[in-house]
Amino acid sequence: MSDTPVAGASPLPPPASASASAAAASSPVARSLRGYSRWRWWELVLFAALPLSWLLLPGQALLLNEIAIVALFAISLDLILGYAGIVSLGHAAFFGFGAYTAALFAKNVMPDPIVGLAVAIAASAALGLATSVLILRGSDLTRLMVTLGVASILYELANKLDWLTGGADGLQGVVMGPLTVPFTTLKGFDFDLSGRTAYAYTLVVLAIVLFVSRRLVHSPFGTSLQALRDNRLRAASIGLSVPLRLVAVYTYAGAIAGAAGALLAQTTGFASLDVFDFHRSAEVLLVLVVGGTGYLYGGIFGAIVFKLLHDLIAAWTPQYWNFWLGLFLVVLVLVGRERFVRPWTWFRVQRKQ
Amino acid sequence: MSTVLATRSLVKRFGGLAATNDVSLAVERGARHALIGPNGAGKTTLINLLTGVLEPTSGTITLDGTDITSLAAHLRVRRGVVRTFQINQLFNALTPLSSLALAVSVHQGTSTRWWRALGADAAVAAECEVLLARFRLADVIDQPVHSLAYGKRRLLEIAMAFACRPRVLLLDEPVAGVPEGERQEIFETIDALPADVSILLIEHDMDLVFNFAKTVTVLVNGAVFAEGDVATISRDPRVKAVYLGEGDGNGAAGAGAHG
């Protein structure tokens with residue numbers, strides 16, 4: 001900062017030196033700036049609801065596990081789409097890569113789930129790093145095509161390399177070892193049919209990812225992602241390296257999508273071509289559209305609504321699930337999410353401001 | 001006085017058109033330098049070349065004698081060559097405070113932090129406070145940028161550039177499109193910029209140019225047409241003929257249309 005005095009009658013005296021920083025810490029500006037990253041009450045409710053759902057709904061563990069995995073996958077997409085503005089129609093590339101890596105690791109190397117998860121995360125991050133160069137240039141349309149292409153390539157590779165992946169049959173009979181708690185002497189927990197161990201495992205991973213991602217989006221780095229989403233030209237004009245930041249967030253998002261895929265493979269003991277399929281990429285995008293982008297928790301709310309809706313409609317009319325889903329999406333987008341969750345405003349006459 | 005930013009025989013061709021034609025320009029330390037010329041004279045193209053948004057066809061650009069002709073745009077900013085835009089280029093979903101805090105963190109070297117919150121840094125907050133007061137944004141710190149009044153957005157446009165600790169500040173029509181009543185506020189903040197920052201100003205508003213600038217360069221058809229101190233340029237009959245005469249109505253209309 002230049003030490004030239006501020007001309008004119010400024011309402012706030014400029015802190016002249018570092019010693020003034022302490023005084024500035026209680027200024028309205030400092031308080032506002034800290035407020036951007038303050039925990040909101042509903043965030044705390046949501047974090048508290050994670051373990052409560054495990055305790056209070058023991059019979060629903062399988063469904064909840066599925067929801068939590070989709071939520072994790074959607075959070076990953078939100079980081080690149082909602083925060084950094086990178087559109088993707090092939091996010092299943094990372095999900096599937098993580099799933100196959102975890103399944104192959106358990107089958108061929110060792111059955112420990114946590115080591116397998118770490119390996120899958122590392123592999124998916126590497127895939128994110130390698131493919132991030134493809135999304136740096138071009139328009140949104142080229143990014144849609146390139147991401148779709150990468151997922152298709154991996155799908156076909158998994159199909160063709162049947163000596164490794166089992167081809168169209170998938171990797172069957174992946175036996176996971178018991179879940180041990182690191183740095184303790186607790187006896188391992190077996191993945192049982194009720195899915196409660198699996199759900200606890202997924203929940204812990206989800207909570208860690210949420211917490212770390214929350215730190216990330218409120219940091220200078222996270223703010224810079226939103227800045228370059230809004231205006232890349234200006235982001236460069238304040239001295240930010242746009243490509244490096246896109247590479248970083250794409251790699252991180254790849255790692256999280258890989259974790260989601262790995263959790264699916266580990267908790268179901270199965271990986272098939274379905275994890276790379278286009279419908280996965282499309283579904284996670286729909287989940288995020290339902291839950292909302294750019295505030296980190298959209299993936300969770302979206303996954304809950306989407307899965308419950310799916311189960312509800314499928315039980316009622318299994319043939320026409322897609323029809324009702326389509327109708328729901330059209331209404332949601334036309335009405336707008338803000339108004340959709342506030343039904344009491346639907347029929348109110350709009351007043352001009 | 002010593003030269004901070006200089007170009008030598010700078011040329012930029014778009015197909016057959018030379019938008020910048022053999023321009024050699026020197027911006028002195030602490031300059032109050034205006035760049036004027038009729039619409040299409042190549043003023044914004046020259047700014048784009050200086051800041052690295054465009055690459056020149058030939059010629060060199062130096063900062064303190066160091067060649068920066070092929071340096072990436074964001075690295076030039078870090079060396080102190082910073083610009084504002086004729087059409088607002090802001091982060092619409094952020095607030096003025098978070099926009100400035102981000103720019104400040106880049107130049108305090110903390111923008112790659114991903115574990116600590118942007119607001120956890122007292123040094124960033126302290127610098128933002130000074131910036132918000134200087135650019136009269138203290139009463140709108142938490143409003144989303146897209147909802148700000150146009151004059152405030154123009155001020156933020158300059159504030160974000162100033163947050164980058166410029167050595168040379170390139171102002172591209174800072175009052176373009178701003179209603180008459182809100183211009184004064186912007187004039188005053190520009191006048192109050194520190195004397196050690198060199199300023200190159202593009203402006204159609206002749207009141208601002210002649211009140212603010214000490215040196216004036218006139219561009220016509222991409223080339224330097226005349227250069228000198230304000231008094232000389234304002235009396236130069238050739239300048240009056242090419243610019244003030246025909247450009248007056250044009251310029252005002254153009255400035256309005258860009259808003």
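This tour moves through chain B, strand by strand, and ends where chain B touches chain A.

Before selecting anything, note that this is a predicted model, in which local features need pLDDT of at least 70, side-chain atom pairs count only at pLDDT 80 or more, and totals for chains, interfaces and linings use all residues. Residues are numbered from 1 along each chain as its sequence is written, while chains are lettered from A and ligands numbered from 1 in the order in which they are written.

**First stop: the four-stranded sheet**

Select strand E1 (residues 3-14) and strand E4 (residues 58-63) of chain B, which pair in the antiparallel sense over five bridges; strands, like helices, are DSSP runs numbered from the N terminus, with at least two residues (E) for a strand and at least four (H or I) for a helix, and two strands pair if DSSP finds at least two bridges between them. Leu5(B) has Leu63(B) in E4(B) as its bridge partner. Widen the selection to the open sheet of four strands, whose order is E2-E1-E4-E5 in chain B and whose pairing is antiparallel. At its edges you will find strand E2 (17-28) and strand E5 (66-67) of chain B, each of which pairs on one side only.

**Second stop: the six-stranded sheet**

Now select strand E9 (residues 215-220) of chain B, which is largely enclosed by the rest of the structure because five of its six residues are buried, where buried means that 20 or more other C-beta atoms, placed from the backbone, lie within 10 Å of the residue's own. Four bridges join E9(B) to strand E3 (residues 32-36) of chain B, and these two run parallel; His33(B), for example, has Thr215(B) as its bridge partner. With strand E10 (residues 223-229) of chain B, E9(B) shares six bridges and runs antiparallel. E9(B) and E10(B) form a hairpin with two residues between them, and Asn221(B) in the turn has a positive phi of about 50°. The whole open sheet has six strands in the order E6-E7-E8-E3-E9-E10 of chain B, with mixed pairing.

**Last stop: the contact between the chains**

Show both chains, and look at the contact, which takes 51 residues from chain B and 44 residues from chain A; two residues are in contact if their C-beta atoms, placed from the backbone, lie within 7 Å. On the side of chain B that touches chain A, helix H2 (73-78), helix H3 (96-108) and helix H4 (122-134) of chain B each supply at least two residues, and the largest share, 11 residues, comes from H4(B).

Methods: Buried ≥ 20, exposed ≤ 12 C-beta atoms within 10 Å, placed from the backbone.
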